[in-house]
Amino acid sequence: MKIRIDRIERDFFNMTEFGRLDNGGVTRLAFSEADLRARDYLRHSMEAAGLEVMVDAAGNMRGRRAGRESLPAVIMGSHLDTVPNGGHYDGVIGVLAALEVARVMDEQRIRTRRPVEVVNFSAEESSRFGVATLGSKALTGDLKKTDIDRLMDEEGISLGSALSKAGFSLKDIKSIRLQKGEIHAYLELHIEQGPVLENAGIPVGIVTAIAAPTRFKVIVRGRADHSGTTPMNMRRDALAAASEIVLGLERIAGRESGEHTVGTIGYLRVAPGVMNVVPERVELGIDLRDIDGGEKKRAVARVLDLMNEIADRRNVEIDREVLTDDEPVPMSGKIIDHLKKTAKEANIPYLTMPSGAGHDAMNLARITDAGMIFIPSIHGISHNIAEKSRMEDIRQGTELLLRAIVSLADER
């Protein structure tokens, strides 16, 4: 029962063509033309592997392989959408690894007690609509009906409009929701997106918990004034105030919070944005994460206090909108133990570790036993055109996925 890395490699290089940039990177935003082309490639590949393909109202693709009995299925997969100017490995490797597992099972005529499914979740990245894991949130009941029209991309296109243009509709969002017990287990293989595994020289990570983000859209409003005639002590400079938020977040996340707290301000939009005018308005995005819910809440409270203090001292207005406030999620102890046992039997070295990034697995964990397998990222780079993983590490991770899926799918 061996996977074929040459097939994964072939699929991988075919997939790189969808949204490929001149600099070698990729932009494949959710429901874009590039994303739809990648989905078509996956559909044909799933069908060639003997899977029955289903697509729900949120665009989640599930390729099903029947079991011997009518029992809840074991599901594996990840996502195909990317960040702008990103790399080719994030998400894609997990989908292609799951596809290869299905191929091996089909070729070797492995019939498990339970059905097995390969899934591609829609809109895992937050790049387009500001909120991550939208497809799996819809599937597990964590996407609200109001979100469909509220969530907008930079061009003012709502999530609902983007879905409709792509041929999907979430008008009846409850129709696709899965309840506890409808899935037996979920496994997701993913690149680590950090340096831990490579530095340790270990090919596989078994994830113990997933950090969760709290994300804000913040708007700082000051007053536009002439840069040459307005004294420094009379300015209401929105950019100077925003700069204090940037450095304050770095201090709070780096020195005043928990061991695993991280904070990022990923963008600043300054208006009017000309040399000789004091900035009047700044929009910025805050991303705070931790695997400890209590530590994350304390960090968020410190950041909110900081913004209030800056607003009072600098005589500016600071408005904030919470985009998402997810709770950190532990992975299933049963799945962790199962992966450890399987890795030992296969002589695959592993490391247990948390995930600092969010994944679809954290939503699935609310309705089933969920687990994750990490494979190393070279130099720890991700969300970057230099993102890369070794095919040998992908092979070992997929071997572990295959063995674990077959075993889980034979459970009563």
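Here are some exercises with worked solutions on this predicted model.

**Exercise 1. Salt bridges**

Find how many salt bridges the model has, then work out where Asp147 and Arg150 sit relative to each other and whether each is buried or partly exposed.

*Solution.*

Step 1. Start with the total: the count comes to 37 salt bridges.

Step 2. Now pick out one pair. The side chains of Asp147 and Arg150 form a salt bridge, with an N to O distance of 2.9 Å. A salt bridge needs a side-chain nitrogen of Lys or Arg within 4 Å of a carboxyl oxygen of Asp or Glu, so a pair at 2.9 Å qualifies.

Step 3. Place the two partners. Asp147 and Arg150 are three residues apart in helix 5 (residues 147-150), a separation of about one helical turn.

Step 4. Check their surroundings. Asp147 has a relative accessible area of 10% and is buried, while Arg150, at 38%, counts as partly exposed. The cut-off to keep in mind is that buried means under 20% relative accessible area.

**Exercise 2. Two further pairs and a network**

For the salt bridges Arg223 with Asp225 and Arg395 with Glu392, give the distance and say which partners are buried and which are partly exposed.

*Solution.*

Step 1. Take Arg223 and Asp225. Their side chains meet in a salt bridge of 2.9 Å, N to O.

Step 2. Look at accessibility for this pair. Arg223 is partly exposed at 36%, and Asp225 is buried at 17%.

Step 3. Turn to Arg395 and Glu392. The closest N and O atoms of this salt bridge are 2.7 Å apart.

Step 4. Locate that pair along the chain. Both Arg395 and Glu392 belong to helix 12 (residues 391-409), where they are three residues apart, about one turn of the helix. Arg395 is partly exposed, with a relative accessible area of 24%, and Glu392 is partly exposed too, with 40%.

Step 5. Finish with a group. Arg7, Arg10, Asp11, Glu100, Arg103 and Glu107 are joined into one network by salt bridges that share partners.

**Exercise 3. The cavity**

Describe the largest cavity: what is its volume, which residues line it, and how do they divide into nonpolar, polar and charged?

*Solution.*

Step 1. Search the whole structure: one cavity of 30 Å³ or more turns up.

Step 2. Read off the volume, which is about 40 Å³ for the largest cavity.

Step 3. List the lining. It consists of Phe31, Ala58, Ser122, Ala123, Leu134, Gly135, Leu143, Leu159, Leu163 and Leu170.

Step 4. Ask where these residues come from. Helix 4 (134-140) and helix 6 (159-165) each supply at least two residues of the lining.

Step 5. Sort the lining by type: eight residues are nonpolar, two are polar and none is charged.

**Exercise 4. The two sides of helix 8**

Work out which residues of helix 8 are buried, why they line one face, and which exposed residues lie on the face turned away from them.

*Solution.*

Step 1. Begin with the helix itself. Helix 8 (residues 238-255) has 18 residues and reaches 26 Å from first C-alpha to last, close to the 26 Å expected at 1.5 Å a residue.

Step 2. Collect the buried residues of helix 8: Ala238, Ala241, Ala242, Ile245, Gly248, Leu249, Ile252 and Ala253.

Step 3. View helix 8 down its axis. The buried residues fall within an arc of 120 degrees, so they line one face of the helix.

Step 4. Look at the face turned away from the buried side. There you find the exposed residues Leu247, Glu250, Gly254 and Arg255.

**Exercise 5. Backbone exceptions**

Find which residues a cis peptide bond joins, and where Phe31 and Gln193, with their positive phi, lie.

*Solution.*

Step 1. Recall the background: most residues other than glycine have a negative phi, and most peptide bonds are trans.

Step 2. Find the cis bond. It joins Ala271 and Pro272, with omega about 5 degrees. Pro272 is in the loop between strand 8 (262-271) and strand 9 (281-290).

Step 3. Consider Phe31, which is not a glycine yet has a positive phi of about 70 degrees. Phe31 lies in the loop between helix 1 (5-15) and helix 2 (33-48), and is buried at 8% relative accessible area. Phe31 also appeared in Exercise 3, among the residues lining the largest cavity.

Step 4. Finally, Gln193 has a positive phi of about 70 degrees as well. Its place is the loop between strand 5 (183-191) and helix 7 (196-200).

How values were computed. Residues numbered from 1 in each chain as written. Predicted model: local features only at pLDDT ≥ 70, side-chain atom pairs only at ≥ 80, totals over all residues. Heavy atoms only, no water. Helix = DSSP H or I, 4+ residues; strand = E, 2+ residues; numbered from the N terminus. Buried < 20%, exposed > 50% of the residue type's maximum accessible area, 1.4 Å probe, protein only. 1 Å grid on protein atoms, 1.4 Å probe; cavity = no way out; pocket = protein on both sides within 12 Å on 5 of 7 lines; lining within 4 Å. Points joined across faces, edges and corners; volume = space filled by probe spheres on them. Nonpolar A, V, L, I, M, F, W, Y, C, P; charged D, E, K, R; others polar. Expected span 1.5 Å × (residues − 1). Arc of directions from axis to C-beta.
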